[in-house]
Amino acid sequence: MRKARADEYAEFAAARAGHLYRSACLLTAGDTHLAEDLVQEALGRIYVRWSRISLVGNPAAYAQTVLVRVFLTHQRRRSSRERATDVLPEVAAAGVDTPLRLTLLDALARLPAKDRAVVVLRYWEDRSIEETAGVLNASAAAVRTRCTRALKQLRGLLGEDIGAYARP
Amino acid sequence: MFADQHEDPFEERLAAALHETGGGFDTDRTALAARGEARGRRTRFVRRAAVAGGTAGVVLACVGGVLVLRPGGTATEAVPSSATASAKPKPSVTATHATDEQMIETLKHLLPKGDFSEERGQGTESADDRKVPAPSAGLVFDDGDGAAAIGVAVGRVQPGGTEARQAAQCPDRVFVPYDACKTSRLADGSVVTVLQGYEYPDRRVDTKLWSAELVTPTGQHITVSEWNAAAEKDKPVTRTDPPLDPAQLTRLAAAKEWRAVANALPAPLPEPELPGSDLHARTDLLALLPKGLKVTDKSSDEGDYAYAVVDDGKGRSMVQVNVQPDMLDAADDLFGSSSETLPDGTRVAVSQGPGDRGDQVMWTVDTMRADGRRVVISAFNAGTQNEPATRETPALTIAQMRKMALDARWWSGS
C-alpha cells in the first residue's frame, strides 16, 4: 500500500472504529468481546482491499456491510442452523446498565442472527429495505418478512411502550 | 404489511432505544483501529507466505531484465523472450516480475503515439515485506488534443469470488452516476467492464473518468483508468473526453503483458463463505424455468436469492426466488387459513396482488416443507419491480410457479 493510501486507511479506520464497534455491540446483543473481534476482522479485511475500497463512493457504508457479513459468517460457523441464541451472551459492564439497555439487549439476543442484522441495519443504521437487502444479499421481500417477524417478536418482548425504559 | 419508513410508532421508539443503547458502548477506538490494521497486515503476510510455499516447484529465470517463472525449469536458465513466446506457455504459469520502470515502459508501448510526462511506476517487488505488491503505472499522455492522466493497476482476485463478480458488473446508477457502462465477455473468457463516468460522483467538477476493468477466468485483474485532465483531481479539464475510446481501453486492459505481471503476484485468499452460499438459487431457477421462455437478464450472485427476467414474446417479466432454510418460526405468519397443506406436510400459499408500482401485479407462490425449508417464488408483469407493467400478467402461470417451488432441486446442494 502506498503511503498516501496507508494514511488514508488509517484515517478512515480511526474515524469509523467507534461507530463500527457500537454497531457490532448491537449485532452481538451486547457481547463486547465478540464485538471487538468482529470489528478487528472487518477492519482487517478492509485494510487488505483498501486500494479498491477507497475508490468506491461510500467506504463507510461498505465497512458496515463487511461488518454485518463478518458477523453472519461468525454466527454460521458457530451453528449451521440459524436460530436465536439459547444462551444469552454475557453483557459486559461497559457503560451504565440502564434498564432499557439490559432489556433491549436481552430482546435482541433472542432474535435469529439474520433478523437481528435486519433490525440493526434498519433502525440503527437507518438503511432502507432495499439497502438492507443489498447488505444481506437477500431480496427486499425476504428483508420485509424478517423485519415484520422481528418487530413482532420485539414488540412482544419489550412491550408496545418501549420508551418507558428510556432515560428521561 | 409493514410500511417502509418507520411509520409505526413502535419503530420510532425502537430506533430511539437502539440509538440510546448503541451510543452507550465505547472502547479505545485508536487501539481498535490499530488492531484491525494489524490483522489486515497479517492477512497479507500470510497470503505471501502461502504463495511462496505453494510455488516451490517454480523457478526463476532471468530474461534480459525480465524474470520468467517456468514450472520445472532450471534455475537461472536464460530464455530469450521470443523463445518464451514461441513455446506458448500456458498463461497461468507465465509470470513476469516487473520493475517500476518496466511497468511504465509497458504502458507507453501499449499506448498510441503521443507525448508522455509525469511517469510513475510501481513494480511487482514490494519495498515493504509485510505488504502485497500492487503493480501500477501512470503517466500524462497527450495525443495532441490535450493532456490526460492514464493509469493501469494489476492485481489478482479469487476467480468467481465477490471481487471478480463485482468487477464484471456495471455499478448501480443510484450510487454511481455515469454516461455509459458495458460489460462484455472476450474470446478468452475474460470479462471486461467499460465505465464512462466521472471522477466525482456528485459532479462538483466535471472531470471524466473512464475505466476498463478486466478479470480473466484465472483471476488476473487489470484496471485501466483515464481522465480528460492531467490529473485525477485538482487539474483543469483539458479536453472533452479522455483520449482512449472504449475499444482502445478494452484492448489496453486485455494486453497479455499485464497478465504475466498479475501472475507474479501472490494468489488471493479464498473468500470467506457468505451465509446461504451453499445454495445455488440462480442455477436452480434457470434450470427449473418452463421451456420456451427467453431469459433476458438474471441475477449475478449465487446463494439464497435469485431473479431472472424472462420473455415469452409478449413482454418482459421478472421472476424471483428466495430459498430459506429454517423458517419454521415464521410459518404461522406466512401461511394463513387459506393456505394448503400437502400430504407430506408441505404448506403452500398463493397470492395474486398488486405490485409496487401502478399497474404492476405480483404473483407469489410460497412453500414451506414440514422442516421449515422455504421456497418462495414471485413473478411480475414487468421487467423490474421499479418499472411500469410491460404486460397484463406475469409470463409464468401459478401452476408453473408452484411446480418450480416444490422441486427438490433447490435443496440438492445443502
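This is a guided tour of a predicted model, chain by chain, with something to select at each stop.

**Stop 1: chain A as a whole**

Start by showing chain A alone. You'll find eight helices here and zero strands, so to speak a plain run of α-α-α-α-α-α-α-α when you read along the sequence. Of its 168 residues, 51% are buried. Now think about who touches whom: among contacts in chain A with a separation of 6 or more, 67% join residues 24 or more positions apart.

**Stop 2: helix 1 of chain A**

Select Glu8(A), which sits in helix 1 of chain A. Is Glu8(A) buried or partly exposed? Glu8(A) is partly exposed, because 16 other C-beta atoms lie within 10 Å, and buried would take 20 or more. Next add Trp50(A) to the selection. Glu8(A) and Trp50(A) are 42 residues apart in sequence, but C-alpha to C-alpha they are 9.0 Å apart in space.

**Stop 3: helix 8 of chain A**

Move on to residues 140–158 of chain A, which make up helix 8. Try a distance between the two end C-alpha atoms: they are 26 Å apart. With 19 residues at 1.5 Å a residue, the helix should span 27 Å, so the two figures agree. To see which parts of helix 8 of chain A are covered, colour its buried residues, among them Ala142(A), Val143(A), Cys147(A), Leu151(A), Leu154(A) and Leu158(A). Arg146(A) and Arg149(A) are on the buried list too. Right after the helix comes Gly159(A), with a positive phi near 85 degrees.

**Stop 4: the cores**

Bring chain B back into view. The largest nonpolar core has 90 residues, and those touching the most other members are Ala24(A), Val39(A), Ala42(A), Leu67(A), Ala117(A) and Ile377(B). Helix 1 of chain A, residues 3–27, gives the most to this core: 10 residues. From chain B, the core draws at least three residues from each of domain 1 (9–50) and domain 3 (281–411).

Zoom in on Ala117(A). Which residues does Ala117(A) touch, not counting those up to four places away in sequence? They are Leu27(A), Val68(A), Phe71(A), Leu72(A) and Leu136(A). Then look for a second, separate core of 42 residues, including Ala164(B), Ile222(B), Leu244(B) and Ala262(B).

**Stop 5: one sheet of chain B**

Show the strands of chain B and pick out an open sheet of seven, in the order 4-5-6-10-9-8-7, with antiparallel pairing. Its edge strands are strand 4 (115–122) and strand 7, each pairing on one side only. From one strand to the next, the twist averages 10 degrees. Helix 4 of chain B (residues 100–110) packs on this sheet, touching strand 4, strand 5 (136–142) and strand 6 (147–156) of chain B. The direction of helix 4 makes about 140 degrees with that of strand 4 of chain B.

Further along the sheet, select residues 208–215 and 220–227 of chain B: these are strands 9 and 10, antiparallel over seven bridges. Here Val215(B) stands opposite His221(B).

**Stop 6: the hairpin of strands 7 and 8**

Stay in chain B and select residues 178–185, strand 7. How many of its eight residues are buried? The count is zero, so to say it plainly, strand 7 of chain B is hardly covered. Strand 7 pairs with strand 8 (residues 191–198) of chain B, antiparallel over seven bridges; one of the partnerships is Tyr178(B) with Gly197(B). Five residues lie between the two strands of this hairpin, in which Gly189(B) has a positive phi near 95 degrees.

Tyr198(B) is in strand 8 of chain B. Tyr198(B) counts as buried because it has 20 C-beta neighbours inside 10 Å. Add Lys208(B): 10 residues apart along the chain, the two have C-alpha atoms separated by 4.2 Å.

**Stop 7: another sheet of chain B**

Finish with an open sheet of seven strands ordered 11-12-13-17-16-15-14, again in chain B and with antiparallel pairing. Strand 11 (294–298) and strand 14 (340–341) are the edges, each pairing on one side only. Strand 13 (residues 316–324) and strand 17 (residues 374–380) of chain B pair over six bridges, and Gln324(B) has Arg374(B) as its bridge partner. Last, select residues 281–288 of chain B: helix 8 of that chain packs on the sheet, touching strands 11, 12 and 13.

Conventions
Residues are numbered from 1 along each chain as its sequence is written. Chains are lettered from A and ligands numbered from 1 in the order in which they are written. This is a predicted model: local features need pLDDT of at least 70, side-chain atom pairs count only at pLDDT 80 or more; totals for chains, interfaces and linings use all residues. Helices (H or I, at least four residues) and strands (E, at least two) are DSSP runs, numbered from the N terminus. The expected span of a helix is 1.5 Å times one less than its number of residues. A residue is buried if 20 or more other C-beta atoms lie within 10 Å of its own, exposed if 12 or fewer, and partly exposed in between; C-beta atoms are placed from the backbone. Two strands pair if DSSP finds at least two bridges between them. A nonpolar core is a set of buried Ala, Val, Leu, Ile, Met, Phe, Trp, Tyr and Cys residues joined through C-beta atoms within 7 Å. Domain bounds come from an automatic or database domain assignment. Two residues are in contact if their C-beta atoms, placed from the backbone, lie within 7 Å. Axes are lines fitted to C-alpha atoms, for helices over the stretch in contact, and angles run from 0 to 180 degrees between N-to-C directions.
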